[in-house]
Amino acid sequence: MDTAQTPERGWRGTPELWLDAAYDLLVEGGVEAVKVMPLAAKLGLSRTSFYWHFADREALLAGLIARWQSQNTANLIARTQAPAATIAEAMLNVNDCWITPALFDSRMEFAIRTWALTDPALAEVLRQADVVRVQALTAMFETFSYPEHEARVRAQTVYLTQVGYISMRTEESLEYRLHNIPDYVLIFTGHAPTAAELAAFRARNQAG
């Protein structure tokens with residue numbers, strides 16, 4: 001037996017391992033699919049191992065919400081604040097989120113929004129997340145001297161467009177999405193990105 005490939009006797013997994021498995025169940029089947037016994041079966045671990053890491057199912061669900069916040073909300077805000085010489089470059093920075101799942105997980109976003117439809121407490125958390133995300137986008141526009149009202153309307157247009165993509169589960173190839181990015185930047189900001197800005201964007205998104 002290869003001990004390097006086999007968990008030691010009594011191994012209970014790790015909190016991250018349980019959260020990863022819970023994430024898979026959430027995005028595949030919704031919050032009702034995230035239950036201790038299916039998780040244990042998925043991991044090949046005992047039910048009691050779960051309670052070594054989490055007090056109960058609610059604690060696990062809270063961990064999933066925290067993961068969503070720390071990934072999607074935090075990364076989106078960070079990209080609005082990334083260094084940029086022009087508003088077009090700033091908007092391309094934000095578009096990294098829509099291209100790179102490691103920055104902004106659209107599957108998780110859809111699952112959280114669906115879950116929030118039947119969970120008032122999560123719905124409030126989601127509402128607050130929407131507010132701070134739009135505020136961050138608004139601040140980005142204001143940094144480039146857009147008037148306050150215009151900055152907010154443009155920010156809402158950017159955000160609601162992407163939420164629409166996610167809610168409608170729109171599927172596009174990476175190349176098609178990248179092909180449309182310059183037009184989106186122009187529509188959202190009123191300024192077209194330069195060839196150099198687009199080249200940098202494509203390079204960091206591994207598309208040529």
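1. Over residues 35-54, what percentage of the chain is helix, what percentage is strand, and how far apart are the end C-alpha atoms? In this predicted model, the stretch is 75% helix and 0% strand, with its end C-alpha atoms 12 Å apart. The interval is taken from UniProt, where an unreviewed entry lists residues 35-54 as "DNA-binding region".

2. Just ahead of that interval, the loop between α1 (15-29) and α2 (36-43) holds Glu-32. With a relative accessibility of 57%, Glu-32 counts as exposed, because the cut-off for that class is over 50%. In sequence Glu-32 and Trp-115 are separated by 83 residues, whereas their C-alpha atoms are 8.8 Å apart in space.

3. Trp-115 also appears in the largest nonpolar core, a set of 29 residues in which Leu-26, Val-34, Leu-39, Leu-60, Leu-64 and Trp-115 have the most contacts. At least two residues of this core come from each of α1, α2, α4 (57-80), α6 (106-116) and α7, and α1 gives the largest share, with eight residues. Leaving aside residues up to four places away in sequence, Leu-64 is in contact with Leu-19, Ala-22, Tyr-23, Leu-26, Val-34 and Met-108.

4. A further core, of 27 residues, lies apart from the one just described, and its members include Leu-92, Leu-137, Leu-178 and Ile-181. As a general matter, nonpolar side chains in soluble globular proteins tend to be buried together.

5. Helix α9 (residues 174-189) deserves a separate look. Its 16 residues reach 22 Å from the first C-alpha to the last, close to the 22 Å expected at 1.5 Å a residue, although the helix bends by about 40° at Ile-181, with a proline, Pro-182, following within four residues. The buried residues of α9 are Arg-177, Leu-178, Asn-180, Ile-181, Val-185, Phe-188 and Thr-189, and their cover includes α5 (87-99), α7 (120-143), α8 (148-167) and α10 (195-204). After α9 comes Gly-190, which has a positive phi, near 85°.

6. Is Asn-205, in the segment after α10, buried or exposed? Its relative accessible area is 8%, and Asn-205 is therefore buried, the cut-off being under 20%. Two polar partners can be named for the side chain of Asn-205: the side chain of Asp-96, in a polar contact at 3.0 Å, and the backbone oxygen of Phe-201, which lies 2.9 Å from a polar atom of that side chain. When residues up to four places away in sequence are not counted, Asn-205 touches Asp-96, Ile-99, Thr-100 and Leu-174.

Definitions and conventions. Residues numbered from 1 in each chain as written. Predicted model: local features only at pLDDT ≥ 70, side-chain atom pairs only at ≥ 80, totals over all residues. Heavy atoms only, no water. UniProt positions renumbered as here; feature names shortened; annotations may be inferred. Buried < 20%, exposed > 50% of the residue type's maximum accessible area, 1.4 Å probe, protein only. Expected span 1.5 Å × (residues − 1). Bend = angle between axes of the 7 residues up to and from the residue. Contact = heavy atoms within 4.5 Å. Core = buried A, V, L, I, M, F, W, Y, C linked by side-chain atoms within 4.5 Å. Polar contact = N/O pair within 3.5 Å; in protein donor to acceptor, adjacent residues only side chain to side chain.
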